[in-house]
Every structure is written in structure tokens, then in C-alpha cells.
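Student: Please pick one strand of this protein and take a close look at it with me, along with whatever it touches. I would like one connected account that I can follow on the screen.

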Amino acid sequence: LGLGLSGGQGITWLSRPLLLSIRNTFRRKGRLVLTLFTLIMAGAIFIAVFNVRESINSFMDVLGQHYLADVMVTLDEPYRTEQVERDLYQVPGVERVESWGMAGAEILDEDDAVMTNLILFLPPDDTELLEPDLVAGRWLAPEDEKVLVVADSIWSEDPDFQLGDTLRVEFPGRRVEEWPVVGVFRFVDNVGDNIFGYSDYETISRLTNTAGEAISFRIVARAQTLEGQRELSQVVDQYLRERGYAINMIEVGKVTREQQSQSMNILVIFLLIMAILTAIVGSIGLMGTMGMNVLERTREIGVMRAIGAVDGEIVKSVVVEGMMIGLISFTVAAVLSLPISFVLLRIISQALMGTLMPLKVTLMG
């Protein structure tokens with residue numbers, strides 16, 4: 001390119017002022033390298049921040065698939081499902097009710113020492129209020145009995161665990177049994193010393209002597225607004241207490257999902273501020289480089305004016321030089337942003353979630 005430009009030949013379809021701009025871009029190689037390094041790092045971090053932001057939002061949506069009900073009622077003890085459902089359907093605004101069981105157990109090692117606690121939720125076979133993000137295996141089938149689908153935090157307890165392995169599970173008052181794991185879903189690994197999972201309602205209720213009973217009731221409301229769901233939760237709370245139910249907790253689905261997101265919002269805002277700052281730093285670097293380049297070329301610009309170059313040509317030569325630097329830095333930064341996104345997301349995932357969030361790439365950055 002240099003030989004072609006110096007001889008006036010080579011790229012004949014470009015104007016000479018434009019060729020001069022391209023030549024000037026690479027004239028000060030040391031300064032160009034420093035400018036490109038600043039712009040590339042700033043651009044890569046800027047793009048990576050938006051990728052991480054998109055990944056976090058996507059992961060929070062995945063967690064929300066476990067809380068699809070509009071109102072969730074948790075009682076202090078199991079109650080007859082028919083009785084509770086009949087009472088809940090008397091509340092205006094309740095469209096559908098699902099009765100969920102819940103059970104606690106312990107996972108033991110080969111020496112019968114407790115490895116961790118196991119919290120199992122027992123949804124009905126035809127549930128419409130659960131869409132887990134399976135990372136391995138399959139979901140529960142109607143014919144399944146003593147099988148488990150557990151959260152990916154199982155790998156934190158047992159790094160060598162593989163799909164199809166069995167867990168030695170002991171329910172209160174029962175002997176230890178081997179329960180195969182048929183599926184693993186993505187979830188947060190910050191629920192204390194517990195493994196979160198799902199299993200068959202009929203099987204577990206027989207083991208725990210709670211057949212026909214449930215402790216959690218998930219409600220689909222006619223009102224889909226946050227205000228409507230809150231009003232319904234207050235009505236349900238008062239209605240059940242008047243009928244003597246011992247209520248442990250009533251949650252509003254939209255509020256639960258918002259609370260999950262709020263913990264990430266501060267981090268997302270911080271990342272966006274960092275992205276803006278890196279963009280400003282890169283812009284200042286480019287501005288300084290272009291300013292010095294123009295100051296060094298006052299004689300050259302004077303000669304160009306003397307031979308007839310108009311203002312537009314002078315401005316174009318400088319703008320083209322800046323755009324060349326920007327295009328080079330953008331191309332490299334876009335590629336470099338992918339590994340930076342992965343590393344940054346991995347650090348955040350392990351620090352806050354205890355699990356690896358999948359990387360989502362967005363064009364917004």
C-alpha cells in the first residue's frame with residue numbers, strides 16, 4: 001500500500017486526498033498502536049458489558065420459570081388439597097389452582113454421613129406453572145416414581161456426578177434408598193446447604209404419609225397486573241385466615257420475579273456506567289491522537305490549500321483518518337469482546353449465583 005501511494009499508482013479508484021488520509025493513518029505507527037490499544041480495550045469492554053447484561057437478564061428469566069404462578073400460598077403444614085382448592089375457588093379473581101407438595105430429605109454418602117439436605121417440590125403431573133431450563137436429561141414422566149430432577153448445584157456437592165447416577169436419599173423415619181437422577185436443571189447455587197429438586201407427588205406423599213395433602217398452592221389470577229395480583233393476595237390471605245388455615249407465606253408472582261431481578265439491577269447499572277466510562281476514555285484517546293496529527297500537518301494542510309483544496313476536502317481527509325482508526329479498533333474489539341464477555345460473566349456467575357450463566361450475545365453493544 002505504501003509503495004502504491006508513494007508512486008501515485010496502486011489504488012487508482014480512490015481520490016488522492018483520500019489516499020493521503022489512509023497514508024497518514026499509518027504514518028505514526030507508535031502513536032497508532034497506543035490509540036488502537038485504548039480504543040480496542042474500551043470497545044471490547046463496552047460490547048462485553050452489554051453481552052453480560054443480556055446474559056444476566058436471560059438467566060433471571062430462566063429462574064422466573066419456576067415461579068410462573070400469579071399468587072403462591074405456602075401453609076405451615078399440609079392440608080387436604082380438595083378442601084383448600086374448594087375454598088380458594090370461592091375467592092373472586094381466582095381462575096385456576098394447582099396443589100404442590102413439598103418434602104425434605106437428606107443425601108447421604110457411602111458412609112451414611114449427611115452430605116447435604118434435599119428440598120423437593122412436588123408439582124402435579126399436568127402442571128402449567130413450571131418450565132425449568134434442563135441442562136441435562138429429561139423432565140419427570142407420569143410413569144416415574146422414585147426418580148429425581150435436581151438443580152445443577154449438585155455438581156458443587158459432587159463434581160464427579162453424572163446424569164443417571166443415584167443419590168442415597170433418606171426421608172424422615174424411612175430407610176436410605178437409591179434414587180436415580182433423570183434430569184438436571186439450571187438454578188441458583190445460593191440456597192444454603194440445600195439441593196433443590198423435583199419429584200413425583202404420588203410417590204413422595206406415600207413415603208411422607210401426606211397422600212391427598214399439599215402445603216403449597218399456586219394460583220392463576222384473572223388480573224395480570226401487579227396491582228391486581230397484590231389485591232388478590234391480600235384477599236386470599238384474609239379469606240384463608242378467617243377459615244383457620246395456618247399461613248406461612250403468600251407471594252405475588254410478579255413481585256417475586258422483580259425481587260430476583262433487583263439484586264442484579266445494581267450490578268447491571270454499575271456495568272453500564274463502566275461501559276460508558278470506557279467509551280469516553282477511548283473517545284478522548286482518539287480525540288488526542290487526531291488533534292496531534294492535525295497539529296503536525298499544518299504545513300501539509302497549507303500546501304493542500306495552496307494548490308486548491310477546499311475546506312470540505314481538508315475536513316474529509318481528517319475525518320477519514322479518524323474513521324479508519326475507529327473501523328480497525330471496532331473490528332478487533334468485536335472479536336475480543338467474546339472472550340472478555342465469557343470471563344466477566346464467569347466471574348459474576350461464580351461470585352453471585354454459584355453457577356455458570358450461559359453467555360448471550362447481543363448486537364446492542
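Tutor: Gladly; here is strand S7 with its surroundings, followed by a few places further along the chain.

This is a predicted model, in which local features need pLDDT of at least 70 and side-chain atom pairs count only at pLDDT 80 or more, while totals for chains, interfaces and linings use all residues. Residues are numbered from 1 along each chain as its sequence is written, and side-chain values use heavy atoms, with hydrogens and water left out.

First, the setting. The protein has 10 helices and 10 strands; these are DSSP runs numbered from the N terminus, helices being H or I with at least four residues and strands being E with at least two. Of its 365 residues, 43% are buried. Here buried means under 20% relative accessible area, exposed means over 50%, and partly exposed lies in between, using a 1.4 Å probe and protein chains only.

Now find S7, residues 177-185. Seven of its nine residues are buried, so the strand is mostly covered. Three strands pair with it, and pairing requires DSSP to find at least two bridges between two strands. S4, residues 134-137, runs antiparallel to S7 with three bridges. S5 runs parallel to S7, joined by four bridges. S6, residues 166-170, is antiparallel to S7, again through four bridges.

Try clicking on Phe185. In S7, this phenylalanine is the bridge partner of Leu134, and it is also the bridge partner of Ala151. Elsewhere in S7, Glu178 is the bridge partner of Arg168. S6 and S7 form a hairpin with six residues between the strands, and there Gly173 has a positive phi near 80°.

Phe185 also leads us to the aromatic residues. The whole structure holds 12 aromatic pairs. Rings of Phe, Tyr and Trp (its six-membered ring) pair if their centres lie within 6.5 Å; planes under 30 degrees apart count as stacked, over 60 as edge-to-face and the rest as tilted. Phe185 and Tyr198 make a tilted pair, 5.5 Å centre to centre with 55° between the planes. That pair links strand S7 to strand S8, its two residues being 13 residues apart. Phe185 and Tyr198 are both buried. They also belong to one aromatic cluster with Trp100, Phe121, Trp139, Phe187 and Phe196.

Just past the strand comes Arg186, in the loop between S7 and S8. Arginine 186 counts as buried because its relative accessibility is 17%. Contact means heavy atoms within 4.5 Å. Setting aside neighbours within four places in sequence, Arg186 is in contact with Phe59, Val62, His66, Asp133, Val135, Asp152, Leu356 and Pro358.

S7 also supplies the largest nonpolar core. Such a core is a set of buried Ala, Val, Leu, Ile, Met, Phe, Trp, Tyr and Cys residues joined through side-chain atoms within 4.5 Å. This one has 33 residues, and those with the most contacts inside it are Ile56, Phe187 and Tyr198. S7 is one of the elements that each supply at least two residues, along with S5, S8, H3, H8 and H10. H3 gives the most, six residues. Beyond neighbours within four places in sequence, Ile56 is in contact with Met264, Leu267, Val268, Leu345, Ile348 and Met357. In soluble globular proteins, nonpolar side chains tend to be buried together.

Finally, two loops are worth a look for their backbone. Asp112, in the loop between S2 and S3, has a positive phi near 65° although the residue is not glycine. With a relative accessible area of 47%, Asp112 is partly exposed. Asn209, in the loop between H6 and S9, is another residue other than glycine with a positive phi, near 60°. Asn209 counts as exposed, at 63% relative accessibility.
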